[in-house]
Amino acid sequence: MPNYYFREMWTPLRLFGIRFYRDDQDRLWIKKGKQRRKLVRKDDNETMET
C-alpha cells in the first residue's frame with residue numbers, strides 16, 4: 001500500500017466528527033468518526049480516458 005501525506009482541511013462538519021483531508025496528489029478524502037479514510041473525488045486527469 002502506498003504512503004500518503006495528508007493535510008486536514010477545516011470545515012464546520014469537523015464539530016460532528018466528519019473530517020476532510022487532501023493528499024500529495026491533491027485528492028479529497030473523508031473520514032467519519034473512527035472509520036478509515038475514503039477517497040471522495042479523484043482529479044480530472046485520473047478519470048479521463050486516454
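A polar contact is a pair of N or O atoms within 3.5 Å; within protein, one of the two must be able to donate a hydrogen and the other to accept it. In this predicted model, such a contact is made by Asp23, whose side chain reaches the backbone nitrogen of Gln25 at 3.1 Å. Asp23 is placed in the loop between strand 2 and strand 3 (28-32). With a relative accessible area of 0%, Asp23 is buried, because the limit for that class is under 20%. Beyond its neighbours within four places in sequence, Asp23 is in contact with Tyr4, Tyr5, Phe6, Arg7 and Trp29.

Several of these partners recur in the aromatic part of the structure. The model holds 4 aromatic pairs. One of them joins Tyr4 and Phe6, a tilted arrangement with 5.9 Å from centre to centre and 55° between the planes. In the pair of Phe6 and Trp29, the ring centres are 5.4 Å apart and the planes stand at 85°, so this pair is edge-to-face. Phe6 belongs to the segment before strand 1 and Trp29 to strand 3, so their pairing ties together parts that are 23 residues apart in sequence. Both Phe6 and Trp29 are buried, whereas Tyr4, at a relative accessible area of 30%, is partly exposed. Ring pairs link Tyr4, Phe6, Tyr21 and Trp29 into a cluster.

The loop that holds Asp23 also holds Asp26. The phi angle of Asp26 is near 65°, a positive value in a residue other than glycine. Its relative accessible area of 38% makes Asp26 partly exposed.

Charged side chains come next. Side chains of opposite charge can pair when their charged atoms come close. The structure holds 5 salt bridges. One of them joins the side chains of Asp26 and Arg7, at 3.5 Å from N to O. Asp26 lies in the loop between strand 2 and strand 3 and Arg7 in strand 1, so this salt bridge ties together parts that are 19 residues apart in sequence. Arg7 counts as partly exposed, at 43% relative accessibility. Asp26 also meets the side chain of Arg22 in a salt bridge, here at 4.0 Å from N to O. Arg22 has a relative accessible area of 18% and is therefore buried. Arg7, Arg22 and Asp26 are thus linked in a network of salt bridges.

A further salt bridge is formed by the side chains of Glu8 and Arg19, at 3.8 Å from N to O. This pair links distant parts of the chain, with Glu8 in strand 1 and Arg19 in strand 2, 11 residues apart. Glu8 is partly exposed at a relative accessible area of 35%, and Arg19 counts as partly exposed at 30%.

Two other regions complete the account. Val40 is found in strand 4 (residues 38-41). Its relative accessibility of 45% places Val40 among partly exposed residues. The C-alpha atoms of Val40 and Arg27 are separated by 7.8 Å, although these residues are 13 apart along the chain. Leaving aside its neighbours within four places in sequence, Val40 is in contact with Leu28, Trp29 and Ile30.

On the surface, Leu13, Leu15 and Phe16 make a nonpolar patch of about 380 Å². Leu15 is placed in the loop between strand 1 (7-9) and strand 2 (18-22). At 71% relative accessibility, Leu15 counts as exposed, because that class begins over 50%.

Key
Residues numbered from 1 in each chain as written. Predicted model: local features only at pLDDT ≥ 70, side-chain atom pairs only at ≥ 80, totals over all residues. Heavy atoms only, no water. Patch = residues over 30% accessible without salt bridge, like charges linked within 9 Å, V, L, I, M, F, W, Y side chains within 5 Å. Areas by Shrake-Rupley, 256 points an atom, 1.4 Å probe, with all protein chains shown as cover. Helix = DSSP H or I, 4+ residues; strand = E, 2+ residues; numbered from the N terminus. Buried < 20%, exposed > 50% of the residue type's maximum accessible area, 1.4 Å probe, protein only. Contact = heavy atoms within 4.5 Å. Phe/Tyr/Trp six-rings, centres within 6.5 Å; stacked < 30°, edge-to-face > 60°.
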